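Biologist: Please take a close look at the largest pocket and describe what lines it. I would also like to hear about the side of chain A that touches chain B.

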Amino acid sequence: MKAWTWLKDHAVNIIAGLALFYMLAPIAVIAVFSFNDPVGRFNFEWVGFTLDAWKNPFGITELTDALITSIQLAAISSIGSTILGTLIAIALVRYNFFGRRAANFLIVIPLATPEVVIGASLLSMFLVYGAKLGFGTLVIAHIMFSISFVVIVVRSRLIGFDRSLEEAAADLGANAITTFRKITLPLLAPAVGAALMLSFALSIDDFVISNFNSGATVTFPLYIFGANQRGIPVEVNVIATMLFAVTVIAMAAVIIQQRRAEKMAEKRADDAGTTGMSMPI
Amino acid sequence: MESSLDLPPDEGDNGKTGHESGAEGSVRLEGVTKKFGSFAAVKDMDLEIANGEFFTMLGPSGCGKTTTLRMIAGFEQPTEGKVLIDDVDVAGQPAYKRPTNTVFQSYALFPHMNLEENVAFGLKRKKVGKSEIKKRVAYELERVGLSREAKRKPAQLSGGQQQRVALARALVNLPKVLLLDEPLGALDLKLRKGLQVQLKNIQRDVGITFVYVTHDQEEALTMSDRIAVMDEGRIEQCGGPEEVYERPATTFVAGFIGVSNLLPAVAASGSEIKIDGGPTVSTPEAADFSADERCFAVVRPEKLTVSAADEAPSDRPSVDGVVESSLYLGTSTQMVVRVADDVKMTVLIPNASEAERHQLPGGGSRVKLVWEPDHMHLTSESPEESASADTADVSPDNEKEGATA
Ligand SMILES: Nc1ncnc2c1ncn2[C@@H]1O[C@H](COP(=O)(O)OP(=O)(O)O)[C@@H](O)[C@H]1O
Ligand SMILES: [Mg+2]
C-alpha cells in the first residue's frame, strides 16, 4: 500500500525521468563509446576502456578536414544569415513598404518546407545557373535556410522594442547612427546573439541540404555518413562528445543570463508601483 | 468676452534669478495644426511661453497635449503653422539639434546603462570634457537624491526613483526648454505630492522654461505660473491658476478645473443678466456679452450658502432648488441641489460642529442657494458645440456639461 502511495506521489517525476532517459541515452552512448577500444572496424560493442581516441582525436586527416570545413562553413553562414536576417527583421518591423505583409508571411515558409525539397530545388537552381558545387554553394544554401530563423528571433525582439528609448537618445543629442550604435544595437544584442548561435548550430549539423549541394566538399555530417559504410572511427565519438559539451556550455550561459534578467524584472515589479518602464533585458 | 489666448505673458518672469544656463528659452506656436490622416489632433494653435516660465498644458486624455509637446521637441512636424524657440523657426530642425530636453511619460531610461551613464548620455553627445561630465552628473544625481544609486541599472529602482533619474538626465544638459509629459502620471498619490514640490523648487532654482503636461487640474493649479486648458486640440483658456479657476472663460474650463456649477442665463442690458428661472443680477461682466446672448453664471461650490426656502429674500441673488443628496466628506459636507431639470449645483459646506451639521436640510428639502454677486463669474459656452459645424470632424454637439477629470 505504501509503495503504491509513493508511486502515485512521484508519478510525474518518474515519467519525466524516463522521458529524459529516452532522450539522453543515445548521447550518453556516444560519449561512453568514445572511451571504447573496439576490435575491427565497428564501434558498436563494448570491448574495453581506453583513452587512445581522446589522446589524439584529430589524428584522422579526412575527419579533421571535414570538421574544419564544417566550422568554417558554420561561421561564415551564421554571420552572413545573422546580418541579413537582422536587417530584414528591422525592415519588416520598422518600415512600411509595399508587400510588407506578404514578406512577413513568406519569410517563414522555408521553415515549413521539407529539407529534401529545399535541397533539391537549390541543386536544380545551381545547375540552371551553372554554379560549381562546393564550399560556395554550401554557404549560399546554409545562409538561405538559416535566415528565416534569424528573422523570427530578431523580429519578436523588435516588436517589443520601446521606441521611446530611441526618441530619448535623439532628444539628448544623438543622431541616427549614434542612436543605432548606442541604443538599438545593444538592446537587440541578446536576440542577435541567440540568432547567431542558432544558425551556427543549424549549419554545423545540416546533412540533407548539404548532401545535395556539396559537390566534392566534405562537411562533418557528410563525413560521418560516408564513414558509416566502412565503420565509424572512435574519434568521431570524441569529436561529437566535444561538440555536445560546447553546445551544453553555451546553452547554460544563455539560460543563466536569462535567469538574471528575469530576477531583475521581478525585483522591478516588486518595487513601488510603476508600470511605466520599457522592457526587460 | 475676455480672450486671454494671445496676450503676451506678463507674469512670466517672477523675479527669477540664477539662470545657470544663461539661455533664453521662449517658445511660440503660430497657427499650428497637426493632422494624423484626416484627424486633426491639434487645431490652429497659438501659444506663447515666456522664458523661465512654469507653463502647464492641462486637458483630458487625447486632447493633443503630447502631440503639441512632440512638435516642440521635434518628434513630429506640424502640418501647418510654425514652432519658434527663442524666436527661431525650428521647422526642419531634427530633435537631436533642438535646445530642448524631454522627460518622457514612460521615463524611457536606457535599461542597459547605469544611472551615471544614463545621465551622462546627453553631455557625451555634446563632447563635454570627461571631468566636467563627471562633475555635472554627480551634481545632478545629488540634486535628485540618487548619488548612492549611481551604479545601479534603472530596473533596480522604484518608480519614483526612475522618474527622478529621467529628470536628472534631461536637466543635466541645461536645455533652454524642458518638456515634461505627465512625468508624475504613473506614481501613486503620496509620491506625486512630494515630487510636485521638488519639481517646482528645482524649476525655481534653475530658471529653465518648463513646459509641463498633465491631466490633473490640482497638479496644474499648484505648480504652474500659467496654464493652458486644452480640449479637442484647441486651447480653451490660457492664464494664471487663479484666473483659470476663478474666471473660467468657457463652460468646459469651468467643468474641467473644478466642479461645474453652471447656471444658464441670458444677458439683459449692458450691466445685468437674467438667470433662467431666477433673479436678475447686475454684474460688470455682462458688458462682455451682447443683449439677449446666452451665457452661464459660474459660482464655485465653496462660495454658495444654503438657507431654508421660506427665508425672507435678502438683497443677495439666489435660486431655489431641491436637495438631491448630501455627502459627509470629513472637513465639509457636499450637497447636490437640483435647480432645474438639467441644472444641478454642488455646494460645499464647512463642517463646524456636529450639532450644526445635523441642522442641514436633508434629501428632498426645498432650499435657497445664495451667493455674493462678487463671487459670480460669467462664461460663454465652449466653442466645440458651435464650431462643430465648420470643422465637421468633432464630437456630438449636444449640450455637454464639461467633463470632470
Ligand atoms: N501617431 C499618431 N497617429 C494617429 N493618431 C495619433 C497619433 N498620435 C496621437 N494621435 C491621436 O491624436 C490625439 C491626441 O493625442 P495625444 O496628443 O497623445 O493626446 P494627450 O497627450 O492629450 O492624451 C488622440 O486622439 C490620438 O489618438
Ligand atoms: Mg499624452
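Modeller: A helix here is a DSSP run of H or I with at least four residues, and helices are numbered from the N terminus. The model is a predicted one. With that numbering, the lining of the largest pocket draws at least two residues from each of helix H2 (11-33), H10, helix H12 (220-230) and H13 of chain A. H13(A) gives the largest share of this lining, ten residues. The space in the largest pocket comes to about 890 Å³. It is lined by 27 residues, and those closest to the centre are Ala201(A), Ile204(A), Leu243(A), Phe244(A) and Thr247(A). Sorted by class, the lining holds 24 nonpolar, two polar and one charged residues.

Now the contact between the chains. On chain A, 29 residues are in contact with 31 residues of chain B. Together the two chains bury about 2600 Å², with 65% of it on carbon and sulfur atoms. Six residue pairs are in polar contact between chain A and chain B, both residues at pLDDT 80 or more. The count of salt bridges between the chains is one: the side chains of Glu167(A) and Arg70(B) meet at 2.8 Å, N to O. Helix H9 (163-171), helix H10 (176-204) and helix H13 (234-270) of chain A each bring at least two residues to the side that touches chain B. H9(A) supplies the largest share of that side, seven residues. By class, this side of chain A has 14 nonpolar, eight polar and seven charged residues.

Note on methods
Residues numbered from 1 in each chain as written. Chains lettered and ligands numbered in written order. Predicted model: local features only at pLDDT ≥ 70, side-chain atom pairs only at ≥ 80, totals over all residues. Heavy atoms only, no water. Contact = heavy atoms within 4.5 Å. Buried area = accessible area lost by both parts, 1.4 Å probe. Salt bridge = Lys/Arg side-chain N within 4 Å of Asp/Glu carboxyl O. Polar contact = N/O pair within 3.5 Å; in protein donor to acceptor, adjacent residues only side chain to side chain. Nonpolar A, V, L, I, M, F, W, Y, C, P; charged D, E, K, R; others polar. 1 Å grid on protein atoms, 1.4 Å probe; cavity = no way out; pocket = protein on both sides within 12 Å on 5 of 7 lines; lining within 4 Å. Points joined across faces, edges and corners; volume = space filled by probe spheres on them.
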